[in-house]
Amino acid sequence: MKDTDIKRLLYTHLLCIFSIILSICIPSFFLENFSILETHLTWLCICSVSVTAVNLVLYLIVKPNASSKRSSISYKVTRFLKCCIYFLMSCFFFHVIFVLYGAPLIELVLETFLFAVILSTFTTVPCLCLLGPNIKAWLRVFSRNGVTSIWENSLQITTISSFIGTWLGAFPIPLDWERPWQVWPISCTLGATFGYVAGLVISPLWIYWNRKQLTYKNN
Amino acid sequence: MRLGSGAFAACCVVIEVLGVALFLRGFFPAPVRSSSRAEQRAEPAAPEPSAGASSNWTKLPPPLFKKVVIMLIDGLRDDFVFGSKGVKFMPYTTYLVEKGASHSFVAEAKLPTVTMPRIKALMTGSLPGFIDVVRNLNSPELLEDNVITQAKAAGKRIIFYGDETWVKLFPKHFVEYDGTTSFFVSDYTEVDDNVTRHLDKVLKRGDWDVLILHYLGLDHIGHVSGPSSPLIGHKLREMDSILMKIHTSLLSEERETLVPNLLVLCGDHGMSETGGHGASSMEELNTALILISSAFERKPGDIRRPKHVQQTDLAATLAIGLGLPIPGNSVGSLLFPTVEGRPVREQLRFLHLNAVQLSKLLQENVPSYEKAGTRSGDGLFLNGSLPAHTAAVFPSQVLSLLLLSIPEALSNKAELEVPLWSPVFSLLFYLTLLVLSALHVIVCTSAESSCYFCGLSWLTAGGVMVLVSALLCAVVSALAKTFGDGKFLSKNSAHPKPRWSELDVLILLGTMGHVLSLGASSFIEEEHQTWYFLINTLCLALCHEIYRNCLLRDDSEPQQCPHVEEEFIRTAAALQDRSTGCDTLEPHGVSRSLTSLDTLRGYEKWMVLASPWVILTCCRLLRSLNQTGVQWAHRPDLGHWLTRGVIEARFVHVFVLGILFTGTKDLLKSQVIATDVTIKTVGLWEIYSGLVLLAALLFRPHNLPVLVFSLLIQTIMTKFIWKPLRHDAAEITIMHYWFGQAFFYFQGNSNNIATVDISAGFVGLDTYIEVPAVFLTAFATFAGPVLWASHLVSFLSSETSSGSALSHACFCYALICSFPVSAYIILVTSLRYHLFIWSVFSPKLLYEGMHILITAAICVFFTAMDQTNTKS
């Protein structure tokens, strides 16, 4: 049971990574002069859309927590709308945090916001898919000893590693190397992406290695 | 001997200050300079030796050239003119070099190959040393004797167009100037057009003696697309046409006046293969230097190959050419080909002038440079490398001592056994001492190398060596003890180690990361960013902790029971711990200390939830108040306006002194009577508010928000974060330290000497009085760390009842402050041949030295407070 779960987790994660790779490769066939660094904003949009789509599709197929008893259409619609609002709020929330961290307030607003969008895609969208619009559950998952399934555990790992990637991505900015990827927010978005991918790779492995120690209380 | 951990830490820091001072003394050697700068002008030029001379010149010889045009092209490396590119793109210049009346040289620039030091070198002929920066504190103007100043004093009219750096260096010297900024690197046409547009007018006018043109475009192209870019060719062609224009104009004028003019084409530094500059590759060091004048006649078939010379030689040559005294600190020698056309007697005279100037410079520097010699430009560290090795040992020894004693010092007793006498009598101590003295004797008696300690007296040197060996022994014994204990502990370690919270991990990683970042020059320039980043992260981590505590405890659902229980146990333990020591506190203090997040209701809870965001917003506002650093310094910040009354300032001085006096009196009283804790607390708060008031007086008016927000954040932190969340003394100390560092930069400080606000030293003073001025400046500069540290003392002594909190805090403070210093000293020692050693690393070293001094003072204060605590 557990091993099959871990296998499913691994496959879904590989699909997510694949979607990111596709978002880098595919557009260059359709768009002229497409490259991650030069048309960075386009790539951000494409990557965000593809990762969101893959997450949604996977959620609908895999259904990691098949416990939604009520399944009326209106409930689903309100839930979906709520999710959208949460997503937007998280984008604005991240934007505010970036400004607090020192991002320019007026210039480069679009860049900063798209950065917030991509970070929300890597963190909020999986949370919304797994946990739904439920802040309490989120807080529970992200506090110590709060996870209740391998899905939540992997969610915790990928989210935290995305944040750490973003955080580390800010370090090259003050260096005087004058590389194109040091421009705000490219290094941070790349950091977030690498962090997310690293989280996707690490979490199944970590869970596999620690499968003996991990005991989840099923509710 | 048993010693409180606070006192122990204070002793360690004091020793560390000694070590840092020793290191600094050896690190910054005295510069090569002529002391008689002031009287130089009054002094007559060197008289000619009278042997067999009929003429008795005591004046300077007349100028060789009527007009001088200096065309400086930024980044003009030698092969752009003399190589294949020059042949292809600069036909006129190539013609002049090969057949025309000119002398061409390859001038070797010295490190650092950056524009400003190079301009200084070209105009003064000296090698700018680090100590210059300290001497000309806060004034970018070039005060050293130089060609431009001499020319202005001689009544020459100088016109300048080009890089703004010149205008900053020589603010009042040009009769006409137009500075272009080198900030927009991607612009390589406008910068040069802005120079060239004046050219026609100026050349026609002819009412000037010296014209200086500084073209930046070539360097910009190099930065953007490298030296092999096709743009380089266009630019060189443009420069060639400009040179032709100037040259023809000068020639046509010469035909009327019959006095030769001089046209100098030179580069300030070269360009590396990647297009940058600043380092020491041959491409960056070798620049083209061409002197063109009709005085340099040449017979057909006279092939002159470009000779290798020093860049500093130009200053002496220009001075001779213009009939000016050679700048006093110039180490260059006259470019002899330029005077070859003159009569032999004049040639001798010029050489004699140069020789007299150089020998004077040598004489003045010989006493201090007995063994090191004055080879021109053999770098900064002629006698600096040895002390770097010896004195760097000090702080790292102290640090390791501190690190090794962590477990003992932070235990509940906050006391530790200091093995004071055993190391002194150990064999190791004597062995090290013997080896060190032997080394000292060997090095000092050998002829060619110079030991730093030879400069010190024997007594000091001996003291240093005793201290070094004693510290070594102490470290070794502490190490042995720790390992012994460790083995012992590991056998019976039944109790699990306390788990580290996220906050602790963050604090540890942040501190390590900051120390590591000191190895990169960019991170030193932008250190404020590091601190802002860290405190932001700290605030978010606190926010996470608060929200988790608040929201999850509100409705503890069944599945979170273990977590909550654990929290409860912890809280209960903390409460028990606290209640044991609570009896000394007054009643309302007890009730306040019992409040926790559980009991907070209503608006207080909301305040707790909102406080991290308020702090974050404050920090964001403060960050944009003063843009410091290098890369983003151009962003707009609030203007500096300075209006201060002397009388009002004196009033405030009196008040501050009064408050400090009453505070000290209360403290002394509490120490003498040793019964009442409250008096001491009141005294501490009084001292703290006195310091705040003093800071308010000294800050620039636009910096007062920094102070206000500092107080606000302290209040919020105290009320809503530290008290409810019950962080321990070590965590609180480190948070105070981080915020103190961030506020150091919020004030507008940076790791550059130029941002020190000297004017603070003159508040309330009519004239410069050294002691108060130094004190006030130091306080105004380090107001952030000092205020936060004194807040820490007051907070801890008034809030916590356990006696060990203060000494824990003192120990932590000493540790966390000495960590960067000792790491940085090792880094600087290993990076002493780094390109930016004296532009970036050395100022930071001075700041660190000052910081450790202030830390020592704070730790001593802590210890004093702690002593009174233990007494009472």
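**Cysteines, surface patch and cores in a predicted model**

At 15% relative accessibility, A:Cys83 counts as buried, because the cut-off for buried is under 20%. This value, like the others here, comes from a predicted model. A:Cys83 doesn't pair up with another cysteine, either: the closest cysteine sulfur, in A:Cys84, sits 7.0 Å away, which is too far for a bond. A disulfide would need the two sulfur atoms within 2.5 Å. In fact, the count of disulfides over all chains is 0. Another cysteine, A:Cys47, has 0% relative accessibility and so counts as buried.

Stepping back to chain A as a whole, the secondary structure is easy to summarise: 8 helices and 0 strands. Read from the N terminus, the elements go α-α-α-α-α-α-α-α. The chain has 219 residues, and 49% of them count as buried. Among its contacts with a separation of 6 or more, 70% are between residues 24 or more positions apart. As for the outside of chain A, its accessible surface comes to about 11,700 Å², and carbon and sulfur atoms make up 71% of that.

Part of the surface is a nonpolar patch built from A:Leu15, A:Phe18, A:Leu22, A:Ile26, A:Phe29, A:Phe30 and A:Leu31, which together have about 740 Å² of accessible area. Two helices of chain A, helix 1 (2-25) and helix 2 (27-30), each supply at least two residues of the patch. Helix 1 of chain A has the largest share, with 3 residues. A:Phe30, for its part, lies in helix 2 of chain A. Is A:Phe30 buried or exposed? With 69% relative accessibility, A:Phe30 counts as exposed, since the cut-off for exposed is over 50%.

Chain B brings in the inside of the structure. The largest nonpolar core has 126 residues, and the ones with the most contacts inside it are B:Ile615, B:Ile713, B:Trp738, B:Phe739 and B:Phe746. Helix 34 of chain B (residues 804-830) gives the most to this core, namely 15 residues. There is also a second, separate core of 44 residues, which includes B:Leu72, B:Val339, B:Phe350 and B:Leu353.

So what does B:Phe746 touch, leaving aside its neighbours within four places in sequence? B:Phe746 is in contact with B:Tyr532, B:Ile535, B:Cys619, B:Leu622, B:Arg623, B:Asn626, B:Asn703 and B:Val706.

Definitions and conventions
Residues numbered from 1 in each chain as written. Chains lettered and ligands numbered in written order. Predicted model: local features only at pLDDT ≥ 70, side-chain atom pairs only at ≥ 80, totals over all residues. Heavy atoms only, no water. Patch = residues over 30% accessible without salt bridge, like charges linked within 9 Å, V, L, I, M, F, W, Y side chains within 5 Å. Areas by Shrake-Rupley, 256 points an atom, 1.4 Å probe, with all protein chains shown as cover. Salt bridge = Lys/Arg side-chain N within 4 Å of Asp/Glu carboxyl O. Helix = DSSP H or I, 4+ residues; strand = E, 2+ residues; numbered from the N terminus. Buried < 20%, exposed > 50% of the residue type's maximum accessible area, 1.4 Å probe, protein only. Contact = heavy atoms within 4.5 Å. Core = buried A, V, L, I, M, F, W, Y, C linked by side-chain atoms within 4.5 Å.
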